[in-house]
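User: Please take a close look at the surroundings of the ligand in this model, and then follow the contacts outward into the protein. I would like one connected account rather than a list.

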Amino acid sequence: MTADGEQGRPVTADGEQGRPVTAPARRVLMRTYAEPPVTFVRGEGTQLFDTEGRRYLDFITGLAVVSLGHAHPVVAEAIARQARTLSHVSNLYGNELAPEVAATIDRLIGGGTHPAGGQIFFTNSGAEANECALKLARRWAGPGRHVVVSTLGSFHGRTLATLAATGQPEKHGPFEPLPEGFVHVPYDDLPALDEALDPSTVAAVLVEPIQGEGGVVVPSSDYLSGVRDLCTERGVLLMVDEVQTGFGRTGRWFGFQAQGLEPDVVTMAKALGNGMPVGACWARAEVAAAFGPGDHGSTFGGQPLALAAVRATLEVMEREDVPARALRAGSRLAAGLAGLPGVLSVRGQGLLLAAVLSVPASQVAAGALAAGLVVNPVRPDTIRLAPPLLVSDAEIDEALAVLAGVLGGLV
Ligand code: PLP
């Protein structure tokens, strides 16, 4: 459908007069992202609709955020109800949702059946969850032991400290000097970590169970447990960044659970509020005890409106058993991808998948978008797929058919 409203405005998917998102309108936005190829105005489940009313299948979910699909009715209703009741109070006062939601997250960190015995600080994003972890590590370890070891290829956020922790030196240059005290070792390399873990200077290791932004890189099946053993031996905290992998995406509630270990700190965000900007930093109670009143804070973190979305999201996730659904749907999608022309290999777990291609990933992603499928070129030769965890078999097959067409034309 083309733009043809009364004043020449595009008609939205709702059939309403949309505001044209033209180049002059975008001039007021900082240019931290490339020009977007499309503007979405509405979503429903796995589907997105653009300003022209065109339908897309969303196989990236806002980068692993909208795990229950767009406009989930239970989450939408919970947000609306809370907005009519109480949106915000300062953390200087109590709010009824925070302890309840924290207890649910603590139970999911314990595997879903029993409390893990930790404490939670709520944030507004993944970077802030990691900032909380980094500050907590310094407070816990005390003066002099402030170094955090993270891995090359990792992604932990865009604030100055989380950028310093991010193991992508090419992103550091323009912003130096970055905060001091960050060391990077190759991912999935226990001997390198062993060498870096000097207990007189190192407070913590920060690691993703799967490197998401790094290209959906899955480490050896005993890597994280090896990291756990080294951290225990040196008296260093193991902090697992589950911002992208958390809440069922990899087929477990959290990615670390595949390796049967107990982290000291877990950070999370993305899927936590199904689109509501909210994150959290969980720590074992003895570690969390290093923080006292005044050590950390956030105006918005853990406010009732955000937590109403989280409570509803987690209720639906548990009811639907999203980890099991991710495993089932993930094996269908992975098997289908492996059989497509131009796909050299498929990696990932559950519904966090990547296909390595013999043709440029950006061309495949652009072709897919033009054909109504949203995927993400996470590396020059790799596309990432992270559809809603409630995606249907029919939607998976439709997405595979689109990709088959696009790849068939390029290979
Ligand atoms: N950590 C990981 C593993 C991520 O994938 C991301 C974002 O992609 C972040 C942290 C940063 O989260 P946010 O963009 O919400 O600050």
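Analyst: What follows is a description of the ligand site, and then of some residues elsewhere in the chain. The model is a predicted one, and the account of the site should be read with that in mind.

The ligand sits in the largest pocket, where 13 residues surround it, the closest being Gly-126, Ala-127, Asp-241, Gln-244 and Lys-270. By residue class, the shell around the ligand divides into three nonpolar, six polar and four charged residues. Helix α5, which spans residues 126–141, gives the most to this shell, with three residues.

Polar contacts to the ligand involve both backbone and side-chain atoms of the protein. On the backbone side, a polar atom of Ala-127 is 2.8 Å from an oxygen atom of the ligand, while a backbone N or O atom of Phe-155 lies 3.2 Å from a nitrogen atom of the ligand. On the side-chain side, a polar atom of Asp-241 lies 2.7 Å from a nitrogen atom of the ligand. Taken alone, the ligand exposes 390 Å², and the protein buries 82% of that area.

From the shell, one contact leads on to a strand. Gln-244, which is among the closest residues to the ligand, is joined through its side chain to the side chain of Arg-384 by a polar contact of 2.6 Å. Arg-384 lies in strand β15, residues 382–385, and because its relative accessible area is 2%, under the 20% limit, this arginine counts as buried.

Turning to other parts of the chain, Ser-67 is found in the loop between α2 (61–64) and α3 (73–85), and with a relative accessibility of 1% this serine is also counted as buried. Ser-67 and Gly-275 are 208 residues apart in sequence, yet their C-alpha atoms are 8.6 Å apart in space.

Helix α2 itself contains two residues with backbone angles worth noting. Leu-63, in helix α2, has a positive phi of about 65° although it is not a glycine, and Ala-64, likewise placed in helix α2, also has a positive phi of about 65° without being a glycine. Their exposure can be set side by side: Leu-63 is partly exposed, with a relative accessible area of 31%, whereas Ala-64 is buried at 2%.

A further backbone feature is the cis peptide bond that joins Glu-176 and Pro-177, with omega about 5°; Pro-177 lies in the loop between α7 (169–172) and β6 (182–185).

Notes:
Residues are numbered from 1 along each chain as its sequence is written. This is a predicted model: local features need pLDDT of at least 70, side-chain atom pairs count only at pLDDT 80 or more; totals for chains, interfaces and linings use all residues. Side-chain values use heavy atoms; hydrogens and water are left out. A residue is near a molecule or strand if one of its heavy atoms lies within 4 Å of it. A polar contact is a pair of N or O atoms within 3.5 Å; within protein, one must be able to donate a hydrogen and the other to accept it, and residues adjacent in sequence count only if both atoms are side-chain atoms. Accessible areas come from the Shrake-Rupley method with a 1.4 Å probe; for residues, only the protein chains shown count as cover. On a 1 Å grid over the protein atoms alone, a cavity is a set of points where a 1.4 Å probe fits but cannot get out, and a pocket is an open set with protein on both sides within 12 Å along at least five of seven lines; lining residues have an atom within 4 Å of a point. A molecule sits in a cavity or pocket if more than half of its atoms lie within 2 Å of its grid points. Helices (H or I, at least four residues) and strands (E, at least two) are DSSP runs, numbered from the N terminus. Ala, Val, Leu, Ile, Met, Phe, Trp, Tyr, Cys and Pro count as nonpolar, Asp, Glu, Lys and Arg as charged, and the others, Gly among them, as polar. Buried means under 20% relative accessible area, exposed over 50%, partly exposed in between (1.4 Å probe, protein chains only).
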